[in-house]
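Welcome, and thanks for opening your viewer. Let's walk through this structure together, one selection at a time.

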Amino acid sequence: MKRESVSLAIGLSGGWLANSPILGIFQGLIFYFFYEPGLVPPNADGSTMMYFALLARVRGKAIIQFLMKLGFGPKSELARRRLATAKHTKLREKCDEEIIELENFKIFVYRPENLENKGAVVYFHGGGFALGQVRFYRSFVSSIAVANSVTVICPEYRKAPEHPYPTPVEDCYEAALYIFENAAKLSIDPENIVFTGDSAGGYMSVEVWYRMLIRNSKFKASGIHLMYPAVGGPLDTPSQLRNRRYPPLTFDAMAHFLLWFIGEEVTPWKIKMISKNECFDFTQFTEEQNSYSDPSNFLDQEELQGWKKRESSCDGSELRGEKRELREKWSKLMVDPLFTPLIIPDSALKSFPKCKISVCDCDVLKNDGQMFHSRLLRNGRKSDLFVMDGSIHSVVVFSHYFGFSPKGQFPKIDEYVEKYHDDLRELLNN
């Protein structure tokens with residue numbers, strides 16, 4: 001039953017019990033605006049404040065979409081979503097910002113006044129490959145620079161769908177090469193460069209490393225930190241099915257981002273294909289790739305509880321026209337490790353640098369990070385996994401380090417970011 005029906009029914013029934021239809025209508029409206037089941041995990045840090053912050057986001061989305069139908073506001077769903085990351089956050093005190101213009105994009109360099117570490121952190125920002133900008137992350141990445149007394153460098157890679165795959169990833173690869181090749185000019189040690197990023201930025205961190213490996217680059221990251229990374233694979237992991245309603249990365253949002261990433265217009269029939277697992281031909285995976293992407297090979301019984309692997313509801317033979325073209329396009333991409341980090345072969349992962357991975361407890365991408373961590377361990381690599389308890393995707397946005405919340409409002413989330421700083425410091429000093 002839809003949330004609207006539930007909330008109105010609760011309000012009206014209360015009014016009926018009080019023998020007052022007017023009271024019932026009033027209560028129904030109150031519940032309509034303030035009742036949203038499953039919006040935040042029950043053990044979330046500052047759950048009440050987080051609830052109302054996300055409630056405002058959900059209600060704001062509905063209002064803006066209504067205005068869009070009337071011809072007001074953003075001209076597209078992509079433009080509406082981009083509004084959420086359009087804000088420029090403040091630069092942290094005692095930190096400078098430099099902008100380097102490359103041919104197709106910019107690189108932002110953050111240097112603290114107390115610069116001590118000669119290494120560097122390359123931060124690839126998240127946003128589903130389609131949203132976000134470095135200046136939205138400015139407060140967060142400059143806090144990394146200040147906390148670790150290190151230079152932080154952030155590529156402003158081009159975004160999908162205007163620049164679909166592989167352009168965003170290749171921009172990040174080009175940025176990384178520039179950083180290594182110009183290490184002396186940037187006053188950093190090329191032997192001590194850590195890749196990191198959140199969500200899509202975690203994807204970038206892995207894929208830039210992989211491109212450097214297979215293209216025989218003389219450069220390599222000394223360490224990698226992945227924050228709730230997207231590493232690909234079929235959309236049927238336990239966390240993707242269990243947490244698909246938690247904002248901000250709901251299933252609907254994830255489907256939008258994936259379609260934009262591959263340069264596809266978002267339409268209802270494409271969303272439906274994704275939800276039914278019809279957009280990918282599972283038979284295209286090799287036996288080895290199937291083993292890499294099978295959650296039952298890497299997750300513990302608690303994580304797998306109640307989960308059954310979904311199969312595509314069709315073999316593709318009945319699909320015609322645009323549906324068949326989408327399935328063929330998606331399948332061709334999915335079997336390529338340059339697109340799907342989760343299926344990077346063992347022979348390559350044996351060279352992966354020391355890694356730290358943080359995942360959110362109630363996030364569709366939780367299992368992505370867990371499975372990649374398990375694969376690294378099985379290949380003899382050093383990897384540490386940390387689960388942020390009671391957290392949703394993009395949880396660090398609630399930390400005061402991001403610039404939207406005052407210090408102490410979400411103390412547990414602040415601690416998560418402080419641990420992230422400690423992890424980066426360990427990778428830099430290793």
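Start by selecting N216: at 69% relative accessibility, this residue counts as exposed. N216 sits in the loop between α8 (200–214) and β6. Look at its backbone too, since N216 has a positive phi of about 55° although it is not a glycine. Keep in mind as you go that this is a predicted model.

Now jump to F129, in the loop between β3 and α5 (138–148). Here again you have a residue that is not a glycine but has a positive phi, of about 70°. Is F129 buried or exposed? With a relative accessible area of 7%, F129 is buried, because buried means under 20%.

**Into the strands**

Next, select residues 193–198, strand β5. Six of its six residues are buried. Turn the strand to see each face: I193, F195 and G197 are buried on one side, while V194, T196 and D198 are buried on the other.

Now add the neighbours of β5. Strand β3 (residues 120–124) runs parallel to β5 and is joined to it by five bridges. Strand β6 (residues 223–227) also runs parallel to β5, again with five bridges. T196 is a handy landmark here: its bridge partner in β3 is Y123, and T196 stands opposite H225 in β6.

**The nonpolar cores**

Stay with F195 from that strand. F195 is among the residues with the most contacts inside the largest nonpolar core, which has 87 residues; I107, M212, W330, F352 and F372 are the others named with it. Centre on M212 and show what surrounds it. Beyond its neighbours within four places in sequence, M212 is in contact with Y173, A176, L177, F180, F195, S217 and F219. There is also a second, separate core of 43 residues, including V40, F136, I392 and L428.

**A cavity**

Which residues line the largest cavity? Select M227, S358, F386, M388, V396, Y416, K419, Y420 and D423. About 40 Å³ of space lies inside. Helix α17 (411–429) gives the largest share of the lining, four residues, and β8 (383–388) supplies at least two. By class, the lining has six nonpolar, one polar and two charged residues.

**Two cis bonds to finish**

Zoom in on Y165 and P166, joined by a cis peptide bond with omega of about 10°. P166 is in the loop between β4 (151–156) and α6 (167–181). Last, go to P247 and P248, where the peptide bond is cis, with omega near 0°. P248 is found in the loop between α9 (238–242) and α10 (251–261).

Notes. Residues are numbered from 1 along each chain as its sequence is written. This is a predicted model: local features need pLDDT of at least 70, side-chain atom pairs count only at pLDDT 80 or more; totals for chains, interfaces and linings use all residues. Side-chain values use heavy atoms; hydrogens and water are left out. On a 1 Å grid over the protein atoms alone, a cavity is a set of points where a 1.4 Å probe fits but cannot get out, and a pocket is an open set with protein on both sides within 12 Å along at least five of seven lines; lining residues have an atom within 4 Å of a point. Grid points are joined across faces, edges and corners, and a volume is the space filled by probe spheres set on the points. Ala, Val, Leu, Ile, Met, Phe, Trp, Tyr, Cys and Pro count as nonpolar, Asp, Glu, Lys and Arg as charged, and the others, Gly among them, as polar. A nonpolar core is a set of buried Ala, Val, Leu, Ile, Met, Phe, Trp, Tyr and Cys residues joined through side-chain atoms within 4.5 Å. Buried means under 20% relative accessible area, exposed over 50%, partly exposed in between (1.4 Å probe, protein chains only). Contact means heavy atoms within 4.5 Å. Two strands pair if DSSP finds at least two bridges between them.
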